[in-house]
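Dear colleague,

I am handing over the structure below, together with an account of what was found in it. Please read the notes alongside the coordinates.

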Amino acid sequence: SLRDIVRRVSEHIAGDSEDSCASAKEVPSSPLTRLIIYTTTACNLRCTYCYVRREPRFMTLETAHKVVVKSLAGFPRIRAVQFFGGEPTMNMPALAQLCAEFTEACQMAGTSRPILGLVTNLTLLDEPLMALIRDYTMRVTVSIDGPKDIHNHSRRFRSGRNTFDIVTSNLRRLRQHTDAEITIQATYTRKHWDAGLRLTDLEEYLAQTFHTNSLVVEPADLSQGGALSNQSGIIDPAPTDALAEMICEQSRLAVASYATTDPRMGNPLIPRVIAKLIIRGACSPLFCGAGFSTLAIYPGGELYPCNRLAGLPELKMGTIDDLTPFQTECFRSMQQRLAEVNKGRFEKCRCCWARRLCRQCIAKTFYDTGTLGPPTDSACQLATRNLETILQETCAASTDEDKWARITQLVSTPAENR
């Protein structure tokens, strides 16, 4: 039964110290796993669910240089750098300089260069951009929201012109002329629901149409009038319940795929949970890595905890113009503020069986509630329901020796090497 599974999980993870999910008394030290750099906040599209609604700004070459020098000074071994926007390819000079300087600086230091990634709408693909992707072996995440009519409804040029044909044509060209690792990212909205498409239907469409299992399919943020809201921004109860069912269905099929030769690795929570069951390891008291393992830098050099919180003045952590930007009082005080938002501080988290496995987006909580605090009750219910599904499917797979061997090998491989 599920109760037995949860009991065994709790006993297994009890190998962690009792204080491992306790309230953080000190700012945790953490390697910088992901540095998100906004080359610009400008975009040539107007997507219906976009949360970047601020005036267009472009990173200067001077700021780009400071970003490289000071980021590597503060964090010599950054695992991944992700170029973001807006549409990051609308500032090619800064994008090219960042790629070149990160590569040169790491070569001179004798350290591994961060994995370079690009999140793009792929409407501006030209030869210089393809050359940049080839020269720096960039990983490319392309936004495609599914069938043509749905994609064109949500992702149009600012003029109102459709984008699906341009994006899919450019995707074919990118594959023909580069060896880039490409991930398709889709945002599930009310438009999909009204068309009778579930999350897993959208995944299957993308996998079959674009011949890839490197997929990230997520609902638009409900707190911002996104996924299953009606036009007035009020969430309809029935679709919201259905969303929970669809997320669990998505997790169920993902775990099953891990036992095959063609796994779908879009959801980072699932391998993290399974790895936790196998390896145990320390349990972070934090809900997510924002401000610690993840940082974002805005076009003007402003520092923020993550891309979802970038541009909010009240959550600014400093600026790259500071002499030692990751050691300032502003940076440290914001980290302390973020560290106080942890599982050990809140009664409902301390009493929750899932606390050692749970991950929550503090940015979503911030948009839901207007504060940095614990997840809402609805977010907790969804998280525990999804974790129950993952655990049930994992335990079922563990009874098959061959399947379990494939799963354990997969989740034990570092994410960047999968």
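**Strand pairing and the sheet**

Ser143 stands opposite Gln185, which belongs to β5. That pair sits in a predicted model, and the two strands concerned, β4 (residues 139–143) and β5 (residues 182–188), pair in the parallel sense over four bridges. Helix α8 (residues 199–210) packs on the sheet here, where it touches both β5 and β6, and its direction makes about 150° with that of β6.

The sheet itself is open and has nine strands, in the order β6-β5-β4-β3-β2-β1-β7-β8-β9, with mixed pairing. Because β6 (215–219) and β9 (318–319) stand at its edges and each has a single partner strand, one side of each is left without a neighbour in the sheet. As for the protein as a whole, its secondary structure comes to 15 helices and nine strands, and 52% of its 418 residues count as buried. Among contacts between residues at least 6 apart in sequence, 71% join residues at least 24 apart.

**Strand β7 and its neighbours**

Strand β7 has β1 on one side in the strand order and β8 on the other. With β1 the pairing is parallel and runs over four bridges, and the bridge partner of Ile37 in β7 is Ile297. With β8 (residues 302–304) the strand runs antiparallel, and two bridges join them; Ala296 stands opposite Tyr304 of β8. β7 and β8 form a hairpin with four residues between them, and Gly301, in the turn, has a positive phi of about 95°.

Both faces of β7 are covered, since Thr294 and Ala296 on one side and Leu295 and Ile297 on the other are all buried. Of these residues, Thr294 deserves a closer look: at 14% relative accessibility it counts as buried, because the cut-off for that class is under 20%. Leaving aside residues up to four places away in sequence, Thr294 touches Leu32, Arg34, Ile36, Gly289, Pro305 and Cys306.

**Helix α2**

Helix α2 (residues 61–74) has 14 residues and reaches 20 Å from its first C-alpha to its last, which is close to the 20 Å expected at 1.5 Å a residue. Its buried residues are Thr63, Ala64, Val67, Val68, Lys70, Ser71 and Leu72. An α-helix has 3.6 residues a turn, so residues three or four places apart point the same way. The buried residues of α2 pack against β1 (34–38), α3 (92–109) and β7 (294–297), and the helix thus meets two strands that also pair with one another in the parallel sense.

**Gly146 and the loop after β4**

Gly146 lies in the loop between β4 and α5 (148–154). What does this glycine touch, not counting residues up to four places away in sequence? The contacts are His151, Phe164, Leu202, Tyr205 and Leu206. At 0% relative accessibility, Gly146 counts as buried. Gly146 and Ile184 are 38 residues apart in sequence, while their C-alpha atoms are 9.8 Å apart in space.

**Two residues with positive phi**

Two residues that are not glycines may be worth checking by eye. Thr137 has a positive phi of about 40° and is found in the loop between α4 (127–135) and β4; with a relative accessible area of 58%, Thr137 is exposed. His211 has a positive phi of about 55° and is found in the loop between α8 and β6; His211, too, is exposed, with a relative accessible area of 67%.

**Cavities**

Rolling a probe the size of a water molecule over the atoms shows where empty space is left. The structure holds two cavities of 30 Å³ or more, and the largest cavity has a volume of about 40 Å³. How is the largest cavity lined, and which residues line it? The lining consists of Leu286, Phe287, Cys288, Ala290, Phe292, Leu338, Val341 and Ile362.

With best regards

Notes:
Residues are numbered from 1 along each chain as its sequence is written. This is a predicted model: local features need pLDDT of at least 70, side-chain atom pairs count only at pLDDT 80 or more; totals for chains, interfaces and linings use all residues. Side-chain values use heavy atoms; hydrogens and water are left out. The expected span of a helix is 1.5 Å times one less than its number of residues. Buried means under 20% relative accessible area, exposed over 50%, partly exposed in between (1.4 Å probe, protein chains only). Contact means heavy atoms within 4.5 Å. Two strands pair if DSSP finds at least two bridges between them. Axes are lines fitted to C-alpha atoms, for helices over the stretch in contact, and angles run from 0 to 180 degrees between N-to-C directions. On a 1 Å grid over the protein atoms alone, a cavity is a set of points where a 1.4 Å probe fits but cannot get out, and a pocket is an open set with protein on both sides within 12 Å along at least five of seven lines; lining residues have an atom within 4 Å of a point. Grid points are joined across faces, edges and corners, and a volume is the space filled by probe spheres set on the points.
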